[in-house]
Amino acid sequence: MSVAVIGGGISGCVAVLCLHQQGIETVWIKPTGRLWNRLEWPESISWQGLERLSDFIDLETFVHDHGFPEHVQRSCWGSDQLLSRSKQRMSRQSNDTQLVNKAALVEILSRKAESTSCELIRGRVEQIERLNKTWQLQINHHDLRSVEGLILAHGNGPSIRLPGSAKATTTDILQCHHWILSTNKTEAALGNTGSLVEACPEGWWYAATLGPNKISLTSFQHPTTITASHGQAEYLRNHLNSTIHLKNWIQESQWRHFQRPRIFRLHCQCREQFSGGGSDADSPFWFRVGDAAATLDPLSSFGSTNGIWSASKAAESIGSILNNLNSNASKHYNNAMQRLHHTTLQQRQQMYDLEQRFQQHPFWMHRTPA
């Protein structure tokens, strides 16, 4: 019995690796583009999530080579006061996080997954049909492939319509700007590495140092019409002026060299149903994992952690179904994902409710109760 994994991101890679670990025949369909190779993307991932990868990568080596030093975590939320806490580089507490280069993590996991015995097909799934006991996939407009199970891990891209599954419900839309600033200083203050979350009238910022000489800046705003000025250094300077602590941090550290931003819209959404089938031998089964199941507001910091957890959990559920260990594995996965998303939405709303300084501004009016 074969299972198809659709998607080449972090959840797709983890799903392929976990299926291979259980000896399940896998067809991996991944896109040809490699956007992550061109990005340095700081991602905060829980140690609980990273530990799930310990069977596939050497975590100590990975964190040493691709983890970003983080000596302090700062927050300016709900008041003008800056709250700081020191951060240990290799803290493995279950509720703690590690800041890593997500681009490097995806690349390493992708190479590991490609080295397995999976059948790799580069391309795009155009259509999925159910035929009796199987799913028939149309790939690249002409290639047809039949499988008994599906893991949908195609991220936050164009939706793949699955017969009989519920549509996605959009919970929010954020406009995101991502810049990288750098400095030519030869002797940087290593103790100044870390991260900062700061709310401002237009939205909120997430800043994270990429080592001592570069910083990643991401702003999240209410969707507006993107103009040519949004890609200019002057727009960044004006936008930063509405912050209290972030602009001072940038000035003191002399991050002056500006890279043109990446501008995109993030559609935060979830599915009412995250899995289906598998209750009897005649029904083909399917699972949605990572962003293909629930795209979370970055404020939660759970995006990649959820991608790792859901992909490994879906693979475990498929193993239980195929080995006749648990005919309700699909239902249990669906219930677990529903609980996780419900909790995440509650935590998100609690965070937005804490910020009362900017209630009259459009961004906060859309995200806090009247």
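**Cavities, helix packing and sheets**

By class, four nonpolar and three polar residues line the second largest cavity, and no charged residue takes part. This cavity belongs to a predicted model, and its lining consists of Ala294, Leu296, Asn306, Met337, Leu340, His341 and Thr344. The space inside the second largest cavity comes to about 40 Å³. Helix H8 makes the greatest contribution to its lining, with four residues.

The second largest cavity is one of three cavities of 30 Å³ or more. Rolling a probe the size of a water molecule over the atoms is what reveals such empty space. The largest cavity holds about 50 Å³. Around it stand Thr171, Cys268, Thr295, Leu296, Asp297, Ser300, His341, Thr344, Leu345 and Arg348. Sorted by class, this lining comprises three nonpolar, five polar and two charged residues. Two of the residues that line the largest cavity are Asp297 and Arg348.

Which helix gives the most to the lining of the largest cavity? Helix H8, which spans residues 329-354, does so with four residues. H8 also leads in the lining of the second largest cavity, again with four residues. Leu296, His341 and Thr344 are among the residues lining the largest cavity, and Leu296, His341 and Thr344 also appear in the lining of the second largest cavity.

From H8 the description passes to its packing against a neighbouring helix. Helix H7 covers residues 303-322, and its axis comes within 9 Å of the axis of H8, with a crossing angle of roughly 165°. Angles over 145 degrees count as roughly antiparallel, and H7 and H8 are therefore roughly antiparallel to each other. The handedness of the crossing of H7 and H8 is right-handed. Asn306, a residue within the span of H7, is one of those lining the second largest cavity.

H7 packs against a further helix, H1. The axes of H1 and H7 lie 8 Å apart, and the two helices pack at an angle of about 30°. That angle makes H1 roughly parallel to H7. H1 and H7 cross in the right-handed sense.

Helix H1 (residues 10-21) also packs against helix H4 (residues 102-114), at an angle of about 30° and with 9 Å between the axes. What is the relative direction of H1 and H4? Angles under 35 degrees count as roughly parallel, and H1 and H4 are therefore roughly parallel to each other. The crossing of H1 past H4 is left-handed, whereas that of H1 and H7 is right-handed.

Two sheets may be described next. In one of them, six strands form an open sheet with mixed pairing, in the order E7-E2-E1-E11-E19-E18. Its edges are strand E7 (119-122) and strand E18 (275-276); each has a single partner strand, so one side of each is left without a neighbour in the sheet. At the E7 edge, strand E2 (residues 25-30) pairs with E7 in the parallel sense over four bridges. Within this pairing, lysine 30 stands opposite arginine 122 in E7.

The other sheet is also open and consists of three strands, arranged in the order E8-E9-E10 with antiparallel pairing. Strand E8 (125-131) and strand E10 (143-147) are the edge strands, each of which pairs on one side only. On average, neighbouring strands of this sheet are turned by 20° against each other, with direction ignored. Six bridges join E8 to strand E9 (residues 134-139) in the antiparallel sense. Isoleucine 128 faces leucine 137 of E9 across this pairing.

The account closes with a pocket. The second largest pocket encloses about 300 Å³ of space. Of its 13 lining residues, Leu181, Arg237, Leu240, Ile250 and Trp255 are the closest to its centre. Helix H5 (233-240) and helix H6 (246-253) each supply at least two residues of the lining. The largest share comes from H5, with four residues. By class, the lining of this pocket divides into seven nonpolar, three polar and three charged residues. Charged residues are thus part of the lining of the second largest pocket, while the lining of the second largest cavity has no charged residues.

Technical notes: Residues are numbered from 1 along each chain as its sequence is written. This is a predicted model: local features need pLDDT of at least 70, side-chain atom pairs count only at pLDDT 80 or more; totals for chains, interfaces and linings use all residues. Side-chain values use heavy atoms; hydrogens and water are left out. On a 1 Å grid over the protein atoms alone, a cavity is a set of points where a 1.4 Å probe fits but cannot get out, and a pocket is an open set with protein on both sides within 12 Å along at least five of seven lines; lining residues have an atom within 4 Å of a point. Grid points are joined across faces, edges and corners, and a volume is the space filled by probe spheres set on the points. Ala, Val, Leu, Ile, Met, Phe, Trp, Tyr, Cys and Pro count as nonpolar, Asp, Glu, Lys and Arg as charged, and the others, Gly among them, as polar. Two strands pair if DSSP finds at least two bridges between them. Axes are lines fitted to C-alpha atoms, for helices over the stretch in contact, and angles run from 0 to 180 degrees between N-to-C directions. Angles under 35 degrees count as roughly parallel, over 145 as roughly antiparallel, 65 to 115 as roughly perpendicular and the rest as oblique. A crossing is left-handed if the near helix is turned anticlockwise from the far one by less than a right angle, and right-handed if clockwise.
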